[in-house]
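Colleague: Please take a close look at one annotated part of this model, and then set the local features of the rest of the chain beside it. I should like the reasoning behind each statement about burial or exposure.

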Amino acid sequence: MYASCLDTATPAEEDRLTDRLRRVMYGYLPIEQYGLIGNLHTAALIGMDGSIDYMCWPEFDSPSVFCRILDKNKGGYFSITPVDPETTPRQQYLPFSNVLSTKFLREDNVGMVSDFMHRPRPTSRNHKHMLPWLVRTVEVIHGEMTFDLECFPAFDYARAEHTLEIRRTPSCDEASMASATSSAENSIFQSVFLHWDPQLETSTSYVGSEHAVFTPQKIQHSEGLGVTSNAADRAAQTAVYQMDLRFVGGSMRCKSCPFVKLVPTDGPTGLGPGVKSRFTLREGQRIFFILRTSPSVGVDELRAAGASEKKVREYLAKYDPPVSMKSVEELLEDTLLYWMSWIRGCTYSGRWMENVERSALILKLLTYEPTGAVVAAATFSLPEAIGDAGRNWDYRFTWVRDSAFTMYAFMRLGLTHEAKAYMQFVEKLCADKNPDGSLQIMYSLRGGREIPELILPHLEGYRGCAPVRIGNGAVDHLQLDIYGELLDAVYLYNKFSQPLSYDEWVNIRALVDYVCDTYDRPDMGIWEVRGMKQNFTYSKVLCWVAIDRGLRLVDKRAFPCSNRQRWRTIRDRIYEEVMEKAWNSKLEMFSQSYENTEILDAAVLAMPLMFFCDGNDPRFIKTMRRIMLPPQDGGLTANNLVFRYNAVKTDDGLSGEEGTFSMCTFWMAEALSRASKADVTFLYKAQVIIDEMITHGNHVGLFSEEIDKTGKHLGNFPQAFTHIALISAAFNIDRALRARRS
């Protein structure tokens, strides 16, 4: 039925049908119909229908407050949606920012919901620190529109019950609904939005007289995230706080303010109590809704710690300022200017500038400001395949590999501050290595080692794709490639950002020594297979990279290294070994591992990207050509999209198939550009692939981990790896094009 409806629909009708039928037919939006906002501490996914279906609070790895994307009944959500089902949604980021705007269009009416989390700017008049607030702005640009607001949180991954109380907002009385006249010079409506006219003589505004307070039950769990010896992790990963929802409204073109009343409502099946509100806005009217941790939480913590009343007052002045239209407007202005000034530092100016800048902004959103760590993705347990394959993982942690690649991407774009912050994080990790001198493959955002994996059986999973996992059981995997990615990033950091200190060199030297001692061990590989350990080709290549970059640093900086000759010997031994044991002369390709010489793996596309071999090397070109064949002919490419490996033929410890791997498709494009000296048509093919791949990004330029055969997004979203690969491919294809023209 759903397919037949869309088959005969016009594009505009299709948008409306998708919005109207998604909950009737599936209960879920397609993954690609979400945008992301955040504040460098946490993030939220907002659907094209105006619903926040995913948010962990207050940190990336804290328990979820909204996760309808993982259970349509129990997950919780915060939606602001037009009552009229015939509106057509359009979503975009405001230019050069991570402020998300969702418009709802009809012939005679246009409404808009804008979402952001506050980011301060150094020159802010009033807010030099970050206010951890989620702010939703609702306004009508043309005509009149009626909206439904529904806020139904589901605290602690929908495990904790909560109570709801409607409280009177301090300093508000019935008179606050009356008009408040001010001069145009001081008008709070001198807005960044062009449809607000700062020349109007008067404006009216009010603070909502009531606000909703959600108080969750605190549950002590005996297993899973937060059951850790790391106090900082324990606090963040078990944070279940009281939250409140309040609002301010105003008008420029009307004498009256919009009327809003929060109505307590029993939740739908599987949800606790929440609030609803139906309100109508006319052109020129606007409402700000603010969801935040109740300031009383911080006050209680301060008093429990023995803080003085002066400290309590200072805390309230800082984190519970008086709310008004003017103050919230300033928060929006601060946030826009923060993102605009940050992206201004990007030095890329090639043909894919818009896509590269959006990817940089998303990578910045995925950065955890307190430590400089980078989360692999903002979400957990979005499936890599629809069905019961079980390929659902929690990516809200920092992988050494992903973070190193992110550091590389930032440096390529001239954004060196983030690279410095991550190097400080790496220095802390190196100071707390494992007893054998190794690093873990992943850490918590605060550098914690314990990330216990737990299945949440009460959540059905996205489109019924269970299990829903939090934590990650791969934390104790041996993946030797991480040292190559890290050392490559460190080498580039020394070259393009800041020279390494002696203490940093001592840590790096110890890591290279560890690689020399362990390079010949089988591991779990870059794809974190849950099958048997193997001698993966990519892992061996990256061990070579780790030692090679160590030697380059010795030569460039004359750093002391008594093991220099041993490093050279082992580096050369690895190279010869890969050429002998990973090369299948019969199929003329580099194989996935020494054990499985007939299995192809797209990870080997990174060989020339890491300068293990030249892109024009005959062996590499033959391998690349084989990867470009369709799966039925022994390759890994379908419709110019690349699978990471053949999931049916490969023993990865899991069942079922998966989608094409977005990062590998960008790697293919970059590898083709590096091989273009051997065949100029490769450069044209590289442009075709990157251009086609960019069309698979969603409406605001975001990419998930995988894409299925129909173009639907799969896996956690948005994924840092994919955006890193886009930046690298764009940078290097641009460079190849310039070289060809010259």
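Modeller: The part in question is the feature "domain: GH15-like", which an unreviewed UniProt entry places at residues 354-675 and 686-730. The annotation thus comes from the record in two segments, whereas the coordinates belong to a predicted model. Over the segment 686-730, the chain is 47% helix and 9% strand. The end C-alpha atoms of residues 686-730 are 10 Å apart.

Turning to surface charge, K495, K556, R735, R738 and R741 gather in a patch of positive charge on the surface. Helix α19, which covers residues 720-741, gives the most to this patch, with three residues. Another member of the patch, K556, is found in helix α13, residues 537-557. K556 has a relative accessibility of 61% and therefore counts as exposed, since the limit for that class is over 50%.

The loop between α13 and α14 (564-582) holds A558. This residue is not a glycine, yet its phi is positive, near 55°. A558 counts as exposed because its relative accessibility is 63%. A second positive phi, of about 50°, is found at R463, again a residue that is not a glycine. R463 has its place in the loop between β22 and β23. Its relative accessibility is 39%, so R463 counts as partly exposed. Such values are worth noting because most residues other than glycine have a negative phi.

The loop between β22 (454-455) and β23 (469-470) also contains P467. A cis peptide bond joins A466 to P467, with omega at about 0°. The loop between β22 and β23 therefore deserves attention on the second count as well, because most peptide bonds are trans.

Salt bridges come next. The whole structure contains 44 of them. R167 and E165 form one, with the closest N and O atoms 3.1 Å apart. Neither partner is classed as buried: R167 is partly exposed because its relative accessible area is 33%, and E165 is partly exposed because its value is 40%. Elsewhere, salt bridges that share partners join D488, D548, R549, R552, R571 and D572 into one network.

In another pair, the side chains of R159 and D156 meet in a salt bridge, at 2.9 Å from N to O. Here the two partners fall into separate classes. R159 has a relative accessible area of 24% and is therefore partly exposed, whereas D156, at 4%, is buried. The boundary that decides this is 20%, since a residue under that value is classed as buried.

A further salt bridge is formed by D53 and R68, whose closest N and O atoms are 3.1 Å apart. The pair links distant parts of the chain, with the two positions 15 residues apart in sequence. D53 lies in strand β3 (residues 51-56), while R68 lies in the loop between β4 (64-66) and β5 (77-82). D53 has a relative accessibility of 1% and so counts as buried. R68, at 8%, counts as buried as well.

Strand β4 includes V65. With a relative accessible area of 3%, V65 is buried. The C-alpha atoms of V65 and Y77 are 8.0 Å apart in space, and the two residues are 12 apart in sequence.

The loop between β3 and β4 is the place of P58. The peptide bond leading from W57 to P58 is cis, with omega near 5°. P58 also has a partner at a distance along the chain: its C-alpha atom is separated by 7.8 Å from that of P132, although the two positions lie 74 residues apart in sequence. P132 belongs to the loop between β8 (110-117) and β9 (133-142). Its relative accessible area is 28%, so P132 is partly exposed.

To return to the annotated part, the record gives the feature at residues 354-675 and 686-730. The positive patch, by contrast, is a feature computed from the predicted coordinates, with K495, K556, R735, R738 and R741 as its members.

Methods. Residues are numbered from 1 along each chain as its sequence is written. This is a predicted model: local features need pLDDT of at least 70, side-chain atom pairs count only at pLDDT 80 or more; totals for chains, interfaces and linings use all residues. Side-chain values use heavy atoms; hydrogens and water are left out. Patches are made of residues with over 30% relative accessible area and no salt bridge: like charges are joined within 9 Å, nonpolar side chains (Val, Leu, Ile, Met, Phe, Trp, Tyr) within 5 Å. Accessible areas come from the Shrake-Rupley method with a 1.4 Å probe; for residues, only the protein chains shown count as cover. A salt bridge is a side-chain nitrogen of Lys or Arg within 4 Å of a carboxyl oxygen of Asp or Glu. Lys and Arg count as positive and Asp and Glu as negative; His and the chain ends are not counted. The place of a charge is taken as NZ of Lys, CZ of Arg, CG of Asp or CD of Glu. Helices (H or I, at least four residues) and strands (E, at least two) are DSSP runs, numbered from the N terminus. Buried means under 20% relative accessible area, exposed over 50%, partly exposed in between (1.4 Å probe, protein chains only). UniProt positions are given in the numbering used here, feature names are shortened, and annotations may be inferred rather than shown by experiment.
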